[in-house]
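Hi,

Here is the structure I promised to pass on. Have a look at it first, and my notes follow underneath.

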Amino acid sequence: MSRIGIDLVEISRMEKSLKNPRFLTGVFSEEERAFLCSEKGRTASAAANFAAKEAFSKALGTGIRGFSLKEVSVLRRENGAPYLLLSGRAKRIAEELGLEFSLSLTHEAGIACAVVTACEKKAGLPAAAPGRIDRLKERFGEELAGGTPIGREWVKTVFPKRDPLSHKGSYGKLVILAGCTRYRGAAALCTASALRSGAGVVTLASVPPVIDAVSSKLYEPVYLPLPQNSEGMVSSHAVPLLLEQVKSASALLIGCGMGQSEDVSAVVSALLGAAECPVVLDADGLNAVAGCIDILRTAKGRIIVTPHMGEMSRLCGKSIAELKADPAGIARAFAKEYGAVTVLKDADTVVAAPDSSLRLSTTGNAGMARGGSGDVLAGIIAAFVCQGLPPETAAACGVYLHGAAGDLAASRGSMLGMLPSDMIGVLPELYHFAEE
């Protein structure tokens with residue numbers, strides 16, 4: 001969406017106004033006055049600047065209300081191109097509306113003309129919200145339990161740029177094992193978020209009712225139908241098909257909405273024992289290994305686990321109260337003991353690596369506290385691993401960007417009304433940073 005403001009000013013009228021010192025200091029900023037005093041065509045430039053301020057107020061949509069004209073400075077670059085520099089209340093209003101501005105000036109036949117175009121800003125990576133670091137200190141202590149807040153500059157530094165000569169194979173092959181007849185949406189959410197997060201080829205392996213549902217919504221994945229048991233979950237007879245599929249996989253995501261059964265446990269165990277690529281283990285994939293947790297130690301590929309508090313309680317045998325009391329310490333100990341990158345999800349998510357390093361989430365909001373948000377996160381992390389990011393880096397970037405997507409979705413609507421699918425919808429806009 002864009003808005004245009006246009007204004008015309010008679011240069012002769014400006015000549016009279018400039019003789020009034022109160023007008024000069026009340027309308028033009030200090031930087032503008034310095035420029036105008038050094039400018040030969042002072043009157044014409046002042047008229048153009050005044051027209052630009054009026055045009056800005058029209059493009060803003062508020063008129064000249066709530067801010068001072070000298071908070072809208074009209075300056076020139078070295079090549080002479082004009083631009084707006086906002087300060088004070090004018091800057092705050094523009095930021096609240098999410099607008100950025102372009103400016104064109106001219107004067108002819110005694111008239112100065114200004115055209116200001118206001119456009120919505122592209123979403124950038126957010127800084128930590130005000131008070132978020134203080135909240136982390138309150139939760140984890142002044143030293144943040146030895147952890148590091150995940151910041152946007154770090155994400156920009158570690159995130160790879162796409163090669164202009166690349167092809168789909170350059171960004172990996174992700175295999176997703178997700179869904180059952182009861183939880184078809186989980187498969188759709190994790191698959192969609194993986195597609196929107198840059199994976200080259202995404203294959204969804206699931207039972208036919210899930211594939212029928214997801215394929216009516218998503219046209220980009222490859223689909224691998226699997227045999228199902230009487231409960232509508234994947235059957236253990238699917239193991240040979242899956243083992244063949246993962247031989248060429250760059251990454252594997254297991255668990256979103258699979259349900260719990262002996263068949264599911266058998267399939268998950270078989271894949272963990274055979275897959276040589278990194279594996280993201282989420283939701284029912286975690287439930288499947290809770291009774292045989294040592295399988296994480298013997299897995300061939302690197303493992304990322306993404307439990308919420310309830311799933312973590314089943315994995316490590318500690319109560320939720322114990323987990324809440326020391327999430328950083330328990331996640332770090334689990335990661336070290338089982339050699340698995342551990343994403344312990346909560347209002348303040350922690351990412352622990354086997355080397356005891358710890359990163360803390362600085363994004364996200366209460367609107368994300370609903371079913372499906374974890375499926376979106378799992379798909380994002382799996383897509384990043386698939387593209388070659390180290391598991392620790394993929395997990396931390398995924399947590400940060402998942403939260404940032406939640407914040408952007410909430411700002412476009414509300415925390416109360418937003419859905420996990422809204423977060424997937426804003427991912428393409430959020431990922432502009434990777435192309436700057």
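How many bridges join β7 to β8, and do the two strands run parallel or antiparallel? There are five bridges, and the strands run parallel. One pair you can pick out by eye is Ile176, whose bridge partner in β8 is Leu204. Before you go further, bear in mind that this is a predicted model.

**The 10-strand sheet**

β7 and β8 belong to an open sheet of 10 strands with mixed pairing, in the order β6-β15-β14-β13-β12-β11-β10-β7-β8-β9. The edges are β6 and β9 (222-225), each of which pairs on one side only. β7 also pairs with β10, again in the parallel sense, this time over four bridges. If you want a spot to click on there, Val175 stands opposite Leu252 in β10. As for β8, five of its six residues are buried, so the strand is largely enclosed by the rest of the structure.

**Helix α8**

Next, helix α8 (residues 184-195). I checked its length: at 1.5 Å a residue, its 12 residues should span 16 Å, and the end C-alpha atoms are 17 Å apart, which agrees. The helix is mostly covered, with nine of the 12 residues buried. Those are Ala186, Ala187, Ala188, Leu189, Cys190, Thr191, Ala192, Ser193 and Ala194. What does the covering include? Both β7 (173-177) and β8 (201-206) take part, and so do α9 (208-215), β10 (251-254), α17 (373-386) and α19.

**The α18/α19 crossing**

That last helix has a contact of its own to look at. Two packed helices are described by the angle between their axes and the distance between the axes. For α18 (residues 391-412) and α19 (residues 420-430), the axes come within 8 Å and cross at roughly 105°. With roughly perpendicular taken as 65 to 115 degrees, α18 and α19 are therefore roughly perpendicular to each other. On the α18 side, the residues that meet α19 are Leu401, His402, Ala404, Ala405, Gly406, Leu408, Ala409 and Arg412. They meet Asp422, Met423, Val426, Leu427, Glu429 and Leu430 of α19. By class, this contact has nine nonpolar, two polar and three charged residues.

**The three-strand sheet**

There is also an open sheet of three strands, in the order β1-β5-β4, with antiparallel pairing. Here β1 (2-10) and β4 (99-108) are the edge strands, each pairing on one side only. On average, and ignoring direction, neighbouring strands of this sheet are turned by 15° against each other. Helix α4 (residues 42-60) packs on the sheet and touches β1, β4 and β5; the direction of α4 makes about 145° with that of β1.

Nine bridges join β1 to β5 (residues 111-120), and the two run antiparallel. Asp7 stands opposite Ala114 in β5, and Arg3 stands opposite Ala118. Between β4 and β5, also antiparallel, there are 10 bridges. Thr106 stands opposite Cys113 there. β4 and β5 form a hairpin with two residues between them.

**Two backbone angles to look at**

Most residues other than glycine have a negative phi. Ala109, in the turn of that hairpin, has a positive phi of about 55°. Ala283 also has a positive phi, about 50°, although it is not a glycine. Are these two buried or exposed? Ala109 is exposed, with a relative accessible area of 76%. Ala283, found in the loop between β11 (279-281) and α12 (284-289), is buried, with a relative accessible area of 14%; the cut-off for buried is under 20%.

**Ile150**

One last residue to centre your view on is Ile150, in the loop between β6 (148-149) and α7 (152-158). At 1% relative accessibility, Ile150 counts as buried. Which residues is Ile150 in contact with, leaving aside its neighbours within four places in sequence? They are Val155, Arg359, Leu360, Ser361, Thr362, Ala396, Val399 and Tyr400. Ala396 is 246 residues away from Ile150 along the chain, yet their C-alpha atoms are separated by 7.1 Å.

Cheers

Technical notes
Residues are numbered from 1 along each chain as its sequence is written. This is a predicted model: local features need pLDDT of at least 70, side-chain atom pairs count only at pLDDT 80 or more; totals for chains, interfaces and linings use all residues. Side-chain values use heavy atoms; hydrogens and water are left out. Axes are lines fitted to C-alpha atoms, for helices over the stretch in contact, and angles run from 0 to 180 degrees between N-to-C directions. Angles under 35 degrees count as roughly parallel, over 145 as roughly antiparallel, 65 to 115 as roughly perpendicular and the rest as oblique. Contact means heavy atoms within 4.5 Å. Ala, Val, Leu, Ile, Met, Phe, Trp, Tyr, Cys and Pro count as nonpolar, Asp, Glu, Lys and Arg as charged, and the others, Gly among them, as polar. The expected span of a helix is 1.5 Å times one less than its number of residues. Buried means under 20% relative accessible area, exposed over 50%, partly exposed in between (1.4 Å probe, protein chains only). Two strands pair if DSSP finds at least two bridges between them.
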